[in-house]
Amino acid sequence: MQSLENKIREVGKVLSPIVLKVDAFLNHQIDAALMKAVGEEFAARFSDVKATKILTLESSGIAPATMLGLVLGLPVIFARKRKSLTLSDNLLSATVHSFTKNVTSEISVSRDFLKAGDQVIIIDDFLANGEAVRGLLSVVEQADATAVGVGIVIEKGFQHGGKELREKGVRVESLAIVDSMDVDHITFRQQD
Ligand code: G4P
Ligand code: NA
Ligand code: NA
């Protein structure tokens with residue numbers, strides 16, 4: 001997605017060989033117009049699937065997932081990382097370990113919102129090692145629902161999550177794939 005790649009080149013900061021900071025439009029301040037275009041691009045890429053729900057993980061997946069939900073007219077569910085006061089039993093959960101942050105968290109979704117037979121598009125902001133997506137796939141499976149695809153705003157192609165998921169047969173659509181990066185240059189994978 002050209003406008004996304006341009007934005008990453010313009011305001012993204014390579015903080016380390018593996019960490020790309022995009023606080024200016026995705027992880028802290030949100031560029032709503034760009035997120036709207038992201039939602040439209042996801043909708044175009046998944047135009048061949050019949051989805052009933054969008055599922056993401058708080059917090060940074062919520063903006064792009066909501067924009068897709070708006071375009072498709074579908075409900076958007078975000079898995080929670082902390083136990084909420086009102087979210088108690090009736091939960092689908094999975095453990096997600098972040099290698100980047102070296103923390104393990106329990107993610108949860110209420111069975112009230114994810115149902116057997118749901119056709120689910122999973123959305124997230126970043127794909128690194130794929131732990132968050134694996135947790136969300138587990139939640140979908142526990143609900144006896146089906147994951148029809150995974151949409152990612154920025155995939156880091158030099159980490160193994162995308163490759164592993166695709167090898168397992170999961171359909172992953174990433175709007176920008178960073179194949180390599182250093183402080184003065186970011187290389188994106190050519191996509192058709
Ligand atoms: P994984 O799910 O693919 O295995 O990724 P990982 O554990 O490495 O990611 C942990 C958190 O760090 C996630 O956010 C993820 O979006 C974010 N992350 C991973 N790599 C990068 C990167 O290069 N740049 C940025 N900006 N973020 C990255 P989170 O903890 O769930 O936070 P949030 O959703 O509240 O923002
Ligand atoms: Na994030
Ligand atoms: Na995230």
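Which residue in strand 9 is the bridge partner of Ile-152? The legends below treat a predicted model, in which local features need pLDDT of at least 70, side-chain atom pairs count only at pLDDT 80 or more, and totals for chains, interfaces and linings use all residues. Residues are numbered from 1 along each chain as its sequence is written, while chains are lettered from A and ligands numbered from 1 in the order in which they are written.

**View 1. Strand 8 and strand 9 pair in the parallel sense.** Ser-174 is the bridge partner of Ile-152 in this pairing. Strand 8 covers residues 146-156 and strand 9 covers residues 172-182, with six bridges between them. Strands (E, at least two residues) and helices (H or I, at least four) are DSSP runs numbered from the N terminus, and two strands pair if DSSP finds at least two bridges between them.

**View 2. Six strands form an open sheet with mixed pairing.** The strand order is 4-3-7-8-9-10. Strand 4 (76-79) and strand 10 (185-188) are at the edges and have a single partner strand each, so one side of each is left without a neighbour in the sheet. From one strand to the next, the twist averages 25°.

**View 3. Helix 3 (residues 32-45) packs on the sheet.** Helix 3 touches strand 7, strand 8 and strand 9, and its direction makes about 120° with that of strand 9. Helix 5 lies across strand 3 (53-57), strand 4, strand 7 and strand 8, and runs at about 165° to strand 7. Contact requires C-beta atoms, placed from the backbone, within 7 Å. Axes are lines fitted to C-alpha atoms, for helices over the stretch in contact, and angles run from 0 to 180 degrees between N-to-C directions.

**View 4. Strand 5 and strand 6 form a hairpin.** Strand 5 (residues 91-98) and strand 6 (residues 103-110) pair in the antiparallel sense over eight bridges. His-97 stands opposite Thr-104 in strand 6. Four residues lie between the two strands, and Asn-102 in the turn has a positive phi of about 55°.

**View 5. A shell of 22 residues surrounds ligand 1.** Ser-60, Ser-98, Thr-100, Glu-131 and Ala-132 are the closest; a residue counts as near if its C-beta atom, placed from the backbone, lies within 6 Å of the molecule. Strand 2 (20-21), strand 7 (119-127) and helix 5 (131-142) each supply at least two shell residues. Strand 7 gives the largest share, three residues.

Notes. Two residues are in contact if their C-beta atoms, placed from the backbone, lie within 7 Å.
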